[in-house]
Amino acid sequence: MGFSFRAGVFVMTLLGSTAAQAEGFGTVEIAPVAEALTFARVEEDGHYRLLLVSSYEGGVVSGVDVTAALGADDPIDAYGRHGYDAIAALAAGTSERMPVERLALPARLTASHIAVGTNFPEHAEESAVTDGPFLFPKEVEPTGFNAPVPAGEALLDYEVELCFVALSPVDLNGALDGTAPERMGLMLCNDVTDRAALMRNVDPSDVTSGKGFTTGKSAPGFLPVGNLFVIPRELRPFAEAAELRLWRNGELKQAATQSEAIWDFDELLRQTKAREGVTWTYQGREVGLPAPGGRIPARTAILAGTPDGTVFRGVNKSAMALGLWDFVAGGWDRPITAHVVERHIAQEKASGDYLKPGERVQIAVRYLGEIDSRIVE
């Protein structure tokens, strides 16, 4: 996430086979209940049923009806009321089968989230942002795993990410004294980005301030989340082992293990605490990270960063040269950087490299489920 007016470093990472296909989509390995609780939700006539998932194969999910057994229709509620072991004991019950296409948003979530930019070294390199990771708010309602993503006039980009979700309010002081939460929910997300809106609002002299990122990442539909909600028994090793994978029209574009991230879960909490009181301008108002009083509310998502392989790969030298010419030729009413941005946006729109209506973005991760997004007008 991000860009710089320095000449970009264009590094292509081989993702196994560059033409790898999303074969086996519709089948996901589910963690044993001794390692993690895996949930899915189904909406029926305006009501939700919660399943404890035991298998996900051939486009069909099998699981035990938690709502019938415990009365809870949300995994965070179920965990808060009954705890890990009581829910795990349900796995021995009678399982029912459900088509994956019927799965709904896997949990009730807030609309204010904590996001991190350039948290994977190779993504920082391809974006030419080398000053380290940074945080910013993402202000958007999550949408389901198969909800359409609107392109509009955006330079639309994808970003596979692992999301940590607070199961109860998180006291950020615990990130400093060693008592950070032992359990969080996990799910997949696509941190969809309009690169044009981001670049028009970023601070080119200090990209890691996060200025402009909320604007570029918070349009409606810009946060599709996975169809499973997972609560690991051992949070940190489980999260670090997640192998993130994203395909564009069947071609593997992003692949990395969460352990490659620069800031781990605990550091993300520490960095959130360090930004207490910091605000960013979004839609004419000031917004901070969702941590009022040093506490992250329950159901808040923490987006843990994306690997390399996004469409955006820094601002090219041609746009820099043409932007400079536009300024010298009489465009003194705006900074040189504004001219460079407009030249870059025009070139990228002409290239057709960004996501367009009719395209398909798929994410699939062992133990964590899938996202299957169609790009629409």
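**Starting from one strand pair**

Let's begin at a single pairing: Trp247 has Gln362, in strand β20, as its bridge partner. This is a predicted model, and that pairing is a handy way into it. Strand β20 covers residues 360-365 and runs antiparallel to β14, with three bridges joining the two.

Now look at the other neighbour of β14. Strand β14 spans residues 243-248, and six bridges tie it to β15, residues 251-257, again in an antiparallel arrangement. One residue back from where we came in, so to speak, is Leu246; its bridge partner in β15 is Gln254. Getting from β14 to β15 takes just two residues, which makes the pair a hairpin. In that turn, have a look at Asn249, whose phi is positive at about 50 degrees.

Time to zoom out. The protein chain carries ten helices and 21 strands. Its C-alpha atoms fill a box of roughly 75 × 45 × 35 Å along the principal axes. What about the radius of gyration? It comes to 21 Å, and because a compact globule of 377 residues would have a value near 21 Å, the two agree.

As for what is inside, buried residues account for 56% of the 377. Take the contacts between residues at least 6 apart in sequence: 78% of them join residues at least 24 apart.

On the outside, the chain exposes about 14900 Å², with carbon and sulfur atoms supplying 52% of that area. Charge rounds off the tour: there are 33 positive and 51 negative side chains, and the centres of the two sets sit 2 Å apart.

Key:
Residues are numbered from 1 along each chain as its sequence is written. This is a predicted model: local features need pLDDT of at least 70, side-chain atom pairs count only at pLDDT 80 or more; totals for chains, interfaces and linings use all residues. Side-chain values use heavy atoms; hydrogens and water are left out. Helices (H or I, at least four residues) and strands (E, at least two) are DSSP runs, numbered from the N terminus. The radius of gyration is taken over C-alpha atoms; the globule rule is 2.2 Å times the number of residues to the power 0.38. Buried means under 20% relative accessible area, exposed over 50%, partly exposed in between (1.4 Å probe, protein chains only). Contact means heavy atoms within 4.5 Å. Accessible areas come from the Shrake-Rupley method with a 1.4 Å probe; for residues, only the protein chains shown count as cover. Lys and Arg count as positive and Asp and Glu as negative; His and the chain ends are not counted. The place of a charge is taken as NZ of Lys, CZ of Arg, CG of Asp or CD of Glu. Two strands pair if DSSP finds at least two bridges between them.
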